[in-house]
Amino acid sequence: TITSTPITTSYYAGTPLNLTCTVQLIPQVDTPIITTWFKGSSIITIDNYTAISPLIKTNSSYATTLIFNPLGTADSGQYNCNVSVQPGAPYVISGVGGGSLSLQVLDLPAPNVTITPSLSPPSLGVAYSITCQVMGVAGLVLPIALTWTRTDGLSLGTT
């Protein structure tokens, strides 16, 4: 079976995602198995944004994780985890030798920015406060950099 972390129906570009493929061996044996990740019919290779964890054994289960950090819109598609074993091994693989999961990656929507000036009018030589509130997708936590710039282009700083 394939499970995703976090569990949701849609994912956003720029966020991390782990897909875990778990296979259970019955009876529990120490037999070499190989897992292969596919996107559509193509074998997934490791790059700067994708990694595959080593196979981890827990009791009679084996698991490997496909790690996206971060996701891109090109990562949308059908993912499959196929399991192969050493010929002649005396066991049965539950889940018919692997699993499948459809992944939809959406563009991250533009944030909603609200700028609120102080209630009092600005005066030369007196501190003045401007508040900027940025609202993104509910429940989505991403690093943010906010840069204050004057109308003449001079940067006042980044938070």
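## The nonpolar core

Let's start on the inside: the largest nonpolar core has 14 residues, and Phe-68 and Leu-103 are the ones that touch the most other members. Strands S3 (17–26), S8 (61–68) and S9 (77–85) each put in at least two residues of this core. The largest share comes from S3, with 3 residues. Keep in mind as you look around that this is a predicted model.

Which residues does Phe-68 contact, once its neighbours within four places in sequence are left aside? They are Thr-15, Pro-16, Leu-17, Leu-19, Tyr-49, Thr-50, Asp-75, Tyr-79 and Leu-103. Notice that Leu-103 turns up in this list, and Leu-103 is also named with Phe-68 for touching the most other core members.

## The chain as a whole

Now zoom out. How many helices and how many strands does the chain have? The count is 0 helices and 16 strands. The chain has 159 residues, and 25% of them are buried.

Take the contacts between residues at least 6 apart in sequence: 56% of those join residues at least 24 apart. As for the outside, the chain's accessible surface comes to about 10,400 Å², and carbon and sulfur atoms account for 60% of that.

## The largest pocket

Next, have a look at the pocket. The largest one holds about 260 Å³ of space. Its lining is made of 13 residues, and Gly-136, Val-137, Leu-140, Leu-142 and Ile-144 lie nearest the centre.

What classes of residue line the largest pocket? There are 11 nonpolar residues and 2 polar ones, with no charged residues in the lining.

## Ile-52 and its contacts

Find Ile-52 in strand S6, which covers residues 50–52. Is Ile-52 buried, partly exposed or exposed? Its relative accessibility is 29%, so Ile-52 counts as partly exposed; the band for that label runs between 20% and 50%.

Leaving out neighbours within four places in sequence, Ile-52 is in contact with Trp-37, Ile-44, Ile-46, Thr-64, Thr-65 and Leu-66. You can also check Ile-52 against Thr-20: they sit 32 residues apart in sequence, and their C-alpha atoms are 9.6 Å apart in space.

## Around strand S8

Two loops on either side of S8 are worth a stop. In the loop between strand S7 (56–58) and S8 you'll find Ser-60. With a relative accessibility of 16%, Ser-60 counts as buried, because buried means under 20%. Ser-60 and Gln-24 are 36 residues apart in sequence, while their C-alpha atoms are 5.7 Å apart in space.

The loop between S8 and S9 is home to Pro-70. A cis peptide bond, with omega at about 5 degrees, joins Asn-69 to Pro-70. For background, most peptide bonds are trans.

## Thr-131 and Ile-115

Finally, here's a pair to look at together. Thr-131 lies in strand S14 (residues 130–135), and Ile-115 is in strand S13 (residues 112–117). How many residues separate Thr-131 and Ile-115 in sequence? They are 16 apart along the chain, with 5.7 Å between their C-alpha atoms.

Each shows up in the other's contacts, again not counting residues up to four places away in sequence. Thr-131 is in contact with Thr-114, Ile-115, Thr-116 and Trp-148. Ile-115, for its part, touches Ile-130, Thr-131 and Cys-132. Ile-115 also has its C-alpha 6.4 Å from that of Gln-133, which is 18 residues away along the chain.

Why do the two get separate labels for accessibility? Thr-131 comes in at 46% relative accessibility, so it counts as partly exposed. Ile-115 comes in at 54%, so it counts as exposed, because that label is for values over 50%.

Technical notes. Residues are numbered from 1 along each chain as its sequence is written. This is a predicted model: local features need pLDDT of at least 70, side-chain atom pairs count only at pLDDT 80 or more; totals for chains, interfaces and linings use all residues. Side-chain values use heavy atoms; hydrogens and water are left out. A nonpolar core is a set of buried Ala, Val, Leu, Ile, Met, Phe, Trp, Tyr and Cys residues joined through side-chain atoms within 4.5 Å. Buried means under 20% relative accessible area, exposed over 50%, partly exposed in between (1.4 Å probe, protein chains only). Helices (H or I, at least four residues) and strands (E, at least two) are DSSP runs, numbered from the N terminus. Contact means heavy atoms within 4.5 Å. Accessible areas come from the Shrake-Rupley method with a 1.4 Å probe; for residues, only the protein chains shown count as cover. On a 1 Å grid over the protein atoms alone, a cavity is a set of points where a 1.4 Å probe fits but cannot get out, and a pocket is an open set with protein on both sides within 12 Å along at least five of seven lines; lining residues have an atom within 4 Å of a point. Grid points are joined across faces, edges and corners, and a volume is the space filled by probe spheres set on the points. Ala, Val, Leu, Ile, Met, Phe, Trp, Tyr, Cys and Pro count as nonpolar, Asp, Glu, Lys and Arg as charged, and the others, Gly among them, as polar.
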